[in-house]
Amino acid sequence: MSQLRLLPSRLGAQATGLLATRGIPRRSWRSRSSEPSAAFPNGTSGGGSSYVEAMYSAWLENPQSVHQIRGHHVAQLDPLGILDADLDSFVPSDLITTIDKLAFYDLQEADLDKEFQLPTTTFIGGSESSLSLREIIRRLESTYCQHIGLEFMFINDVEQCQWIRQKFETPGVMQFSSEEKRTLLARLVRSMRFEDFLARKWSSEKRFGLEGCEVMIPALKTIIDKSSEMGIENVILGMPHRGRLNVLANVIRKDLEQIFCQFDPKLEAADEGSGDVKYHLGMYHERINRVTNRNITLSLVANPSHLEAVDPVVQGKTKAEQFYRGDAQGKKVMSILVHGDAAFAGQGVVYETFHLSDLPSYTTNGTVHVVVNNQIGFTTDPRMARSSPYPTDVARVVNAPIFHVNADDPEAVIYVCSVAAEWRNTFNKDVVVDLVCYRRRGHNEMDEPMFTQPLMYKQIHQQVPVLKKYADKLITEGTVTLQEFEEEIAKYDRICEEAYGRSKDKKILHIKHWLDSPWPGFFNVDGEPKSMTCPPTGIPEDVLTHIGTVASSVPLEDFKIHTGLSRILRARADMTRKRTVDWALAEYMAFGSLLKEGIHVRLSGQDVERGTFSHRHHVLHDQEVDRRTCVPMNHLWPGQAPYTVCNSSLSEYGVLGFELGYAMASPNALVLWEAQFGDFHNTAQCIIDQFISTGQAKWVRHNGIVLLLPHGMEGMGPEHSSARPERFLQMSNDDSDAYPVFTEDFEVSQLYDCNWIVVNCSTPASYFHVLRRQILLPFRKPLIIFTPKSLLRHPEAKSSFDQMVSGTSFQRVIPEDGVAARTPGQVRRLIFCTGKVYYDLVKERSSQGLDGQVALTRLEQISPFPFDLIEQEAARFPGAELVWCQEEHKNMGYYDYISPRFMTILGRTRPIWYVGREPAAAPATGNRNTHLVSLRKFLDTAFDLRAFEGKTF
């Protein structure tokens, strides 16, 4: 009766899987032990004559409890044998746990030998159509309650549930050939001996080894093998630091000497930038898959210590690779994400990424998630790290099947991974493999885990390594001999020693050898730009006119648009006739002209199709036909590049990470993410800080992503006003104290040396040019644009075609060109500003009649700082007092950034006075009157030509 001790959740669980998947009508199991096996007649129940019938009845009465397949709750998943499979491990009182409880269901031990006809919804019979109840229990127990625990009954698709049942219930499915077992053993040898080698050579170095889950290497290789067999040609991986070096060595197949030389403290960096620690680096490699003999490209994406931050980045890169290959169904490109148990449950970006998985413009057609569940998070126990039974429960929200498996059973792991890969490539949906394992050492090799987990680590210290367990098993059954096993170990040890010898010859580290997203042909052979020039960004007038015409029309016939939108389109047509553009039309011109040149444009974010401020309208909706839409941008020219504009889920962290990954895949695309309001970017701060600002310095990885951040103090309260420009400027890497040398290519070389570009455009033409410059530059840098709100409809915020035609370019600084410019000697004050406040200043100057005495100069590009043009402008008005005016509070905005740079360019001979709002904690006031009073105050100061008399600087 050993089976009965494990019956609690098993049989109640499996009774459901057995009987209740296709809405089978209620029927009883009648049996007569002296007669042939009974079928499922439509007669009445025999008073609970069998345990299965009782379970089935209970399922019908309460489908939320007994009906669920709960075998995984009692599966033997923990290699250590000390923890339960989940945190919710109690046994319901109505389930049989001991033989004396059989009577509860009017069931006797003799009933276990009665035979029953098997329903068509189970596969446990194989070729047999009937089995004894005892054998039914044994087979279900073997399937669901051993080293594999399955969660899939929440999936609301019968075909998918039946597919999983067949894969696991069919007798004999987990039988491996001798060759397969030998391959698995060899992969385990490489996985474990690699860690042993690092431990011997660098015992005091952090490396975040894989000990305790060495089976992850053959697991990943199996997923890749099976996917390759099913047609996959490109696999993009994301993973944390634990086991990363092992994956680089044994999955990606990075040269061992390049890994080993990273441990040399005397190794010099050859590339620009700061580099990163070895267990954060990525890799890109094309090779032949030895199992399928097909080409496979593997890319491991570099990532920071911030766990799970790389998840959406991988998905974005995968989506882009699928797009460029025309792989709409994900049959050629796929992603694999490796997670830790604590991070998978704890990091919200996991949830955000899952919710992108089935959205039309974000789906990657299924991801295989592998959770390295070492049952601890640094020093935190699972019961303190999550409230859900399993760390994988987050995956249930997208109906992803979850396969828990004991990592000390390599064959079970390999089988589960093979099924997971087949699932992904059959149904194009996510799937989770939960490798329940342990962490042999502390969080890192220098850490002492006995401080906080003494009992667990006493058991771990006694734990026989999985390699020895599996080798002993194969030797016992005669699959390999002890000599063959020892030779395999010696062979790999020799490979490691030889690579170690070669690694000592390496004196210079080339980070570009660890690049995860190379752009063939974009740079020269040394990875440098092919030139240091940028052509003019203007375009022919006939192209401007054509784009304006399409932007003001509906390309589809019989398409009924909203009457309000008709007015907007008529206004666009009128502007086009008058050779002017507003903000929305300038954006149309920039995107449309790039599409004509073969550049793919993708705009993503919350409400971007219409635009937060109802100005863009790139997707037209038929007012009479549901879900009929039109994107005029895709009707500009035959053979143009495609334009993607897509409203995102209400996520910043996940979506910005996704777009960053999308932009990694190719330099020949303009990828933009727009925040609904600029300050919302701070919920994606991790992506900005760890990837966008620092990505090139750490990983020699160029990225041309564009962030559109609506910004401006307009009395709308503290939350919808500031895009926090001070934060972006603080992270800009140009030196405020270094007086630059103004060479012929200064403008472009300065852009090349910076970590990102920060602009606040004051005209539609500037916006148009800076978007086009982003593509025409011979390299890629992130571009941060503080975009307007009220200026979208400001009557003065328009540009002429003359500022956008061929031969024109982006103006980093727009100098004073009015009355003051004609009489520079009479100018008493030169006000520098950026963005929307310029229009407030122009209006105030005019009202006070100071056009000849006060000059206004705009910084369109704030960082890198336009030292050369600022110097020219200051020299143009030698007798003028210099003022920086901003609408933001003094401790925010731009002043702390521009002030020391002005001092450098002026040699500290002239002060630069501040005019703007006083320092504050909040970015803006919530009171409309207070807003207007503070605006009036700083405008008065800006044009009070005696405001700074007697003040010292």
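Helix 9, covering residues 310-325, lies across strand 4, strand 7, strand 8 and strand 9 in this predicted model. Its direction makes an angle of about 175° with strand 8. The strands beneath this contact belong to an open sheet, so that is a good place to pick up the story.

The sheet has 8 strands, arranged in the order 3-10-11-9-8-4-7-6, and the pairing is mixed. At its edges stand strand 3 (148-151) and strand 6 (283-289). Each of these has a single partner strand, so one side of each goes without a neighbour in the sheet. On average, neighbouring strands here are turned by 20° against each other, direction ignored. Helix 6, made up of residues 216-229, packs on the sheet as well. This helix touches strand 4, strand 6, strand 7, strand 8 (333-340), strand 9 (367-373) and strand 11 (431-436), and its direction makes about 165° with that of strand 8.

One pairing in the sheet can be followed down to single residues. In general, strands of a sheet pair through backbone hydrogen bonds, and they do this in either a parallel or an antiparallel way. Strand 4 (residues 234-238) and strand 7 (residues 294-300) run parallel, with 4 bridges joining them. Asn234, for instance, has Thr297 of strand 7 as its bridge partner.

Further along the chain comes Arg829, found in strand 24, which spans residues 829-833. Is Arg829 buried or exposed? With a relative accessible area of 0%, Arg829 counts as buried, because the cut-off for that label is under 20%. The Arg829 side chain also has a polar partner: it makes a polar contact with the side chain of Glu881, at 2.8 Å.

Gly715 sits in a loop instead, between strand 19 (706-710) and helix 23 (725-730). Its relative accessible area is 17%, so Gly715 is buried too, given the cut-off of under 20%. Leaving aside residues up to four places away in sequence, Gly715 touches Arg928 and His931. What separates the C-alpha atoms of Gly715 and Asn929? The two residues are 214 places apart along the chain, yet these atoms are separated by 8.3 Å.

Now for the protein chain as a whole. Its secondary structure comes to 30 helices and 28 strands. Of its 953 residues, 61% are buried. Among contacts between residues at least 6 apart in sequence, 81% join residues at least 24 apart. The accessible surface comes to about 37000 Å², with 49% of that belonging to carbon and sulfur atoms.

Technical notes
Residues numbered from 1 in each chain as written. Predicted model: local features only at pLDDT ≥ 70, side-chain atom pairs only at ≥ 80, totals over all residues. Heavy atoms only, no water. Helix = DSSP H or I, 4+ residues; strand = E, 2+ residues; numbered from the N terminus. Buried < 20%, exposed > 50% of the residue type's maximum accessible area, 1.4 Å probe, protein only. Contact = heavy atoms within 4.5 Å. Areas by Shrake-Rupley, 256 points an atom, 1.4 Å probe, with all protein chains shown as cover. Polar contact = N/O pair within 3.5 Å; in protein donor to acceptor, adjacent residues only side chain to side chain. Pairing = 2+ DSSP bridges. Axes fitted to C-alpha atoms, helices over the stretch in contact; angles between N-to-C directions.
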